[in-house]
Amino acid sequence: MKHRRRRQLISAGLVGAGAGLAVGLTQAVVTRGVDSLLPNVRGVSSYNRPGTLTLLASDGQVIQKLGPATREKLVTGQMPLLVQRAFIAAEDRRFYEHDGIDPIGIGRAMVRNISSGSVEEGASTITQQLARTVFLSQDRTIIRKLKEALLAGKLERQLSKEQILQQYLNYVYLGAGAYGVSDAAWIYFSKTPSELNLPEAALIAGLPPAPSVYSPLVNPDLALQRRAIVLRRMREAGFIDDLQFASANGSPLLLKPAEPKYFTSRAPYFTSWVAQELPNLLSKEQLEVGGLTIRTSLNIDWQEKAQNTINRHTPGAMEGAVVSMEPGTGLVRSMVGGKNFNDSQFNRASQALRSPGSTFKLFVYLSALKEGMKPEDKITDRKVCYGGYCPKNFKDKYFGTVPLWMALQNSLNTVSVSLLKQVGFDKVIATANSLGITKGLGRFYPLGVGATEQTVLDMTAAYAGVFNRGVYIKPTPFEEILGPGGELLWSRRVNGDPGKRVVPSDIADAMLWMLQKVVSGGTGYGAVPPGRPAAGKTGTSEGGRDLWFIGGVPQLVTGLWLGYDNNKETKSTSSRAVVAWSQYMAPILKELPVEQFPPKPVLKGKFNPLKALTKNLKLVKPEEEETTVEETTEETTAPSGPSQPGLNTPAPARPAKRQDPCGSMQTNPRYVDCRFDLLDRRRSAPKPAAPAPPAP
């Protein structure tokens, strides 16, 4: 009997255990099935709200956060215990005892709210609030509440209590644009979370139920009432004693409001350019979803130096702009578009069109080299007019016959216009276009001295193409763009401009050699310390309205402009821009190792001025011009033969051969200039009046 009873008990136990195991397995299977239909809660730490955008400098520093962004998060272990206890007392005093849903807490909240006649206590746990914030909408529907409960359970199963609380305190909205405790501590008290005292922590912990209503910046009296409730709950939970409660409850607000961290850009002109360029890389949907992290090319330290330089060298209403970029990558390392972004959001680096002055000569000389000229070729610097346009050199000084490199070194205007005429407008315009200069290039002589307005960004990028040995890369502020989940949406190395060869490398090297002469002994002298290889070009528009210097070293090219928005004369010269450029670049050059430019190449081309004269300018042929006529002394007689009427009369003389008044290229070293002068006179000569119609 006893053995039978024992067997029955064992059998019953086995059946019960089996049933329990089956239920447990069924529950686990169901739980796993439900969990598989829910979002991956382990990604909660990388959560970004819709429409948010985080801009990072090249070294990872935050430049700006846009949209409803948590501007500063704390990692696990950094959140002060005082703050944790304040929120647990205010929002979820049984946080460490429940599994995401707290029936006891729900019942207690209902009783308290009914007895007080108002909503004093919420029924949602901290875990539910985190699930709602990260994964769900704020709609008050049964379906949303069901999803919230399921997600809360999944959060509790897959994350620790510390992780859940940490993420909640980083993401909860606390009013006045504050997302998370770090933001709130700064916005309301100009403090970090670790600096908050008891009344401050309690005030912030009381905000989640109605941040806009309980905000001390909006309703200070309501904020104090709400703080008192939180302090009372902290006393009931045993987190503080009676003395602490009384002292904190009697404390005044003592607010010290501050703008949210990273709300204002640390480089506003640069980030305004980023905002303009971003839609060219991402779709409208990607921008609306947000959660984007953009690693930019900006060097924060260089940006600050550039801003300080512009502020220092622009007295009164004068303005300025700076762009620094890497020739080999197109990455813009600094961009300043004015003295004060708050006063004027107009970006003078990327938006302002200004006359580039002699910096435009880069394209003229490049075109001449491409057509076969060499840096050592001789050219005449003299006063000359072109159809009424008479370029002048600085201080009306002329050098006569000089090599090409010396003409650039001294920025001789007459030589630049002469080269423009010899090479041809179309060739110069094509060269400028290939280097990214496309705005307002017309076929007129002042083009040779920079009469067409351009931006500092475009001109700097063009010079960078020459520094890059003839490979032009479009300037960019982007290194990488990451999506909401950290996925790579765009990368410069994969999706960026690979560059395009627009100038032969030997031509670019020859141009660089001449630009080095400008810095070592010409108008750009003093831009860099002696012995440091550098190249560049100055520019001054008429009346000193625009002062430029664009130059750099092999690793970095910088363009700098000074002037007035109203185009007023500065009463200065480009030497002022050289000084400002030098002061900005001096500390940066100390960071960059000394590198050499390519050696001066041996160019093998040969410029044919007569061919260029005829082809590019479509000049009339010599025999079609009005010239002196040389009479022939040769007589033409009729052939011998039978006498026939008319055969014995002398044949008419051949037309006299027209003599070229300029001689020939072999006998006249100024042959080409002479031909151009003839053309100008022919074009400017008044046309003969049309004959009067015959009288009836």
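Select helix H17, residues 413–423, where 11 of the 11 residues are buried, so this helix is largely enclosed by the rest of the structure; buried here means under 20% relative accessible area, exposed means over 50%, and partly exposed lies in between, with a 1.4 Å probe and protein chains only. Helices are DSSP runs of H or I with at least four residues, strands are runs of E with at least two, and both are numbered from the N terminus. The model is predicted, so local features need pLDDT of at least 70 and side-chain atom pairs count only at pLDDT 80 or more, while totals for chains, interfaces and linings use all residues. Residues are numbered from 1 along each chain as its sequence is written, and side-chain values use heavy atoms, with hydrogens and water left out.

The buried residues of H17 include Asn413, Ser416, Lys421 and Gln422 alongside Val415, Val417 and Leu420. Just after the helix, stop at glycine 424, whose phi is positive, near 110°.

Within H17, select leucine 419 and display its surroundings. Leaving out residues up to four places away in sequence, leucine 419 touches Val364, Tyr365, Ala368, Met373, Ile379, Leu404 and Gly424, a contact being heavy atoms within 4.5 Å. Leu419 is also among the residues with the most contacts inside the largest nonpolar core, together with Phe363, Tyr365 and Met511, and that core has 85 residues. Such a core is a set of buried Ala, Val, Leu, Ile, Met, Phe, Trp, Tyr and Cys residues joined through side-chain atoms within 4.5 Å. A second, separate core of 48 residues can be picked up from Leu174, Val181, Ala185 and Leu253, which it includes.

Move next to helix H22, residues 574–591, whose 18 residues reach 26 Å from the first C-alpha to the last, close to the 26 Å expected at 1.5 Å a residue, where the expected span is 1.5 Å times one less than the number of residues. At methionine 585 the helix bends by about 40°, and proline 587 follows within four residues; the bend is the angle between axes fitted to the seven residues ending at that position and the seven starting there. Colour the buried residues of H22, among them Trp581, Tyr584, Met585 and Ile588, and then show what covers them, which includes helix H14 (300–312) and strands S4 (319–325), S5 (332–336), S12 (535–540), S13 (546–553) and S14 (556–563).

From serine 582, step across to proline 529: their C-alpha atoms are separated by 8.9 Å, although the two residues are 53 apart along the chain. Proline 529 lies in the loop between helix H21 (505–521) and S12, and is partly exposed, with a relative accessible area of 47%.

Another loop, between S5 and helix H15 (361–370), holds glutamine 351, which counts as partly exposed at 34% relative accessibility. Beyond its neighbours within four places in sequence, glutamine 351 is in contact with Gln276, Gln345, Phe346 and Thr455. Its C-alpha atom is separated by 9.1 Å from that of glutamine 454, 103 residues apart along the chain.

Finish at the one disulfide of the structure, which joins cysteine 385 to cysteine 390 with an S to S distance of 1.9 Å, a disulfide being a pair of cysteine sulfur atoms within 2.5 Å. The torsion about this S-S bond is about 110°, so the disulfide is right-handed. Cysteine 385 is partly exposed at 40% relative accessibility, and cysteine 390 is partly exposed at 36%.
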